[in-house]
Amino acid sequence: MSDTPTSPPPETPSSTRRRTLLFAAAGLGATGLGAWWATRSSPPAAGAAPDAALAGADGDLLPDGFWQHQFEQPSGGPLDWAALQGRPLLINFWATWCPPCVKEMPELDRFHEAFGPRGWQVVGLAIDGPTPVREFLGRTPVRFPIGLAGMDGTDLAASLGNTAGGLPFTVLVDAQGRIRQRKMGATHYEELAAWAGAMA
């Protein structure tokens with residue numbers, strides 16, 4: 001038996017093409033969810049600030065059927081969505097594949113801890129699959145409830161004014177069920193506290 005290493009067979013144009021397609025397919029699979037979300041709707045108008053509050057937020061009523069939605073929690077069991085009625089509510093649409101979403105999660109958690117005793121509620125709706133959400137929360141736990149909205153969450157976000165289809169997207173609802181603030185892009189504790197202060 002010879003110890004001489006054998007060299008791999010020379011690549012043909014067809015094998016090179018196959019390898020290129022495999023790498024391309026793997027890349028598309030990894031980014032498919034984010035790309036799908038990005039192409040669901042038209043991009044923001046040219047020159048629009050990505051983190052600007054959206055116009056027309058003050059006083060819009062929640063859409064019909066809003067409280068009939070149902071979401072599972074990452075830990076199992078349904079999120080008691082209807083129980084969130086009647087108190088000020090901060091809703092954050094996010095995903096694990098969205099870097100600004102990941103960055104703002106501790107800010108939302110800080111707001112929840114500071115304003116929860118004052119009657120405020122925070123809920124995160126993940127436009128994502130259950131497994132990545134569970135893995136993310138295992139590394140970065142938060143103390144406010146999370147709902148697994150999946151791709152159905154895109155329609156809910158659009159009904160609340162997210163016509164650009166971006167993430168993160170945050171909506172502030174008062175105790176009477178009126179939308180008081182909308183924001184496309186990352187937020188932070190000081191901004192959220194200012195929103196709450198303006199409603200006091």
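Is Ala 82 buried, partly exposed or exposed? Ala 82 is partly exposed, because its relative accessible area is 38%, which falls between the 20% and 50% cut-offs. The legends below take a closer look at this residue and at other parts of what is a predicted model.

**View 1. Ala 82 sits in the loop between strand 1 and strand 2.** Here we can put the opening answer in its setting. Ala 82 has Gln 68 at a C-alpha to C-alpha distance of 7.1 Å, although 14 residues separate the two in sequence. Its sequence neighbour in this view, Trp 81, is buried, with a relative accessible area of 2%.

**View 2. Aromatic rings of Phe 66, Trp 67, Phe 71 and Trp 81 are linked into a cluster by ring pairs.** The structure holds ten aromatic pairs. One of them joins Phe 66 and Trp 67 edge-to-face, with 4.8 Å centre to centre and 85 degrees between the planes. Both Phe 66 and Trp 67 are buried. Trp 67 also pairs with Trp 81, this time in a tilted arrangement of 5.7 Å centre to centre and 45 degrees between the planes. Trp 67 and Trp 81 both lie in the loop between strand 1 and strand 2, so their pair ties together parts that are 14 residues apart in sequence. Trp 67 counts as buried because its relative accessibility is 17%, where the cut-off is under 20%.

**View 3. Six strands make up an open sheet with mixed pairing.** Reading across the sheet, the strand order is 1-6-5-2-3-4. The edges are strand 1 (60-61) and strand 4 (146-148), each of which pairs on one side only. Helix 2 (residues 99-115) packs on this sheet and touches strand 2, strand 3 (121-126), strand 4 and strand 5. The direction of helix 2 makes about 165 degrees with that of strand 2.

**View 4. Strand 6 (residues 178-184) runs antiparallel to strand 1, and two bridges join them.** Asp 60 has Ile 179 of strand 6 as its bridge partner. Strand 6 also pairs with strand 5 in the antiparallel sense, over five bridges. Within that pairing, Val 171 is matched with Arg 182 as bridge partner in strand 6. The hairpin of strand 5 and strand 6 has four residues between the strands, and Gly 177 takes a positive phi near 80 degrees there.

**View 5. Strand 2 (residues 89-94) pairs with strand 5 (residues 169-173) in the antiparallel sense and with strand 3 in the parallel sense.** Five bridges connect strand 2 and strand 5, and the bridge partner of Leu 90 in strand 5 is Leu 172. Strand 2 and strand 3 are connected by six bridges. In this parallel pairing, Trp 94 has Ala 126 of strand 3 as its bridge partner.

**View 6. Strand 3 is covered on both faces.** Why is strand 3 described as largely enclosed by the rest of the structure? The description holds because six of the six residues of strand 3 are buried. In a regular strand the side chains alternate between the two faces of the sheet. On one side of strand 3 the buried residues are Gln 121, Val 123 and Leu 125, and on the other they are Val 122, Gly 124 and Ala 126.

**View 7. Leu 125 belongs to the largest nonpolar core, which has 49 residues.** Trp 81, Ile 91, Phe 93, Phe 111, Leu 125 and Leu 160 are the members that touch the most other members of this core. Leaving aside residues up to four places away in sequence, Leu 125 touches Phe 71, Trp 81, Ile 91, Asn 92, Phe 93, Trp 94, Gly 147, Ala 149 and Leu 156. Phe 71 and Trp 81 will be familiar from the aromatic cluster of View 2.

**View 8. Cys 98 and Cys 101 form a disulfide.** A disulfide is a covalent bond between the sulfur atoms of two cysteines. In this model the sulfur atoms of Cys 98 and Cys 101 are 2.3 Å apart, and the count comes to one disulfide. The link is right-handed, with 80 degrees about the S-S bond. Cys 98 counts as buried at 5% relative accessibility, and Cys 101 is buried with a relative accessible area of 0%.

Conventions. Residues numbered from 1 in each chain as written. Predicted model: local features only at pLDDT ≥ 70, side-chain atom pairs only at ≥ 80, totals over all residues. Heavy atoms only, no water. Pairing = 2+ DSSP bridges. Contact = heavy atoms within 4.5 Å. Axes fitted to C-alpha atoms, helices over the stretch in contact; angles between N-to-C directions. Disulfide = S-S within 2.5 Å. Buried < 20%, exposed > 50% of the residue type's maximum accessible area, 1.4 Å probe, protein only. Core = buried A, V, L, I, M, F, W, Y, C linked by side-chain atoms within 4.5 Å. Phe/Tyr/Trp six-rings, centres within 6.5 Å; stacked < 30°, edge-to-face > 60°.
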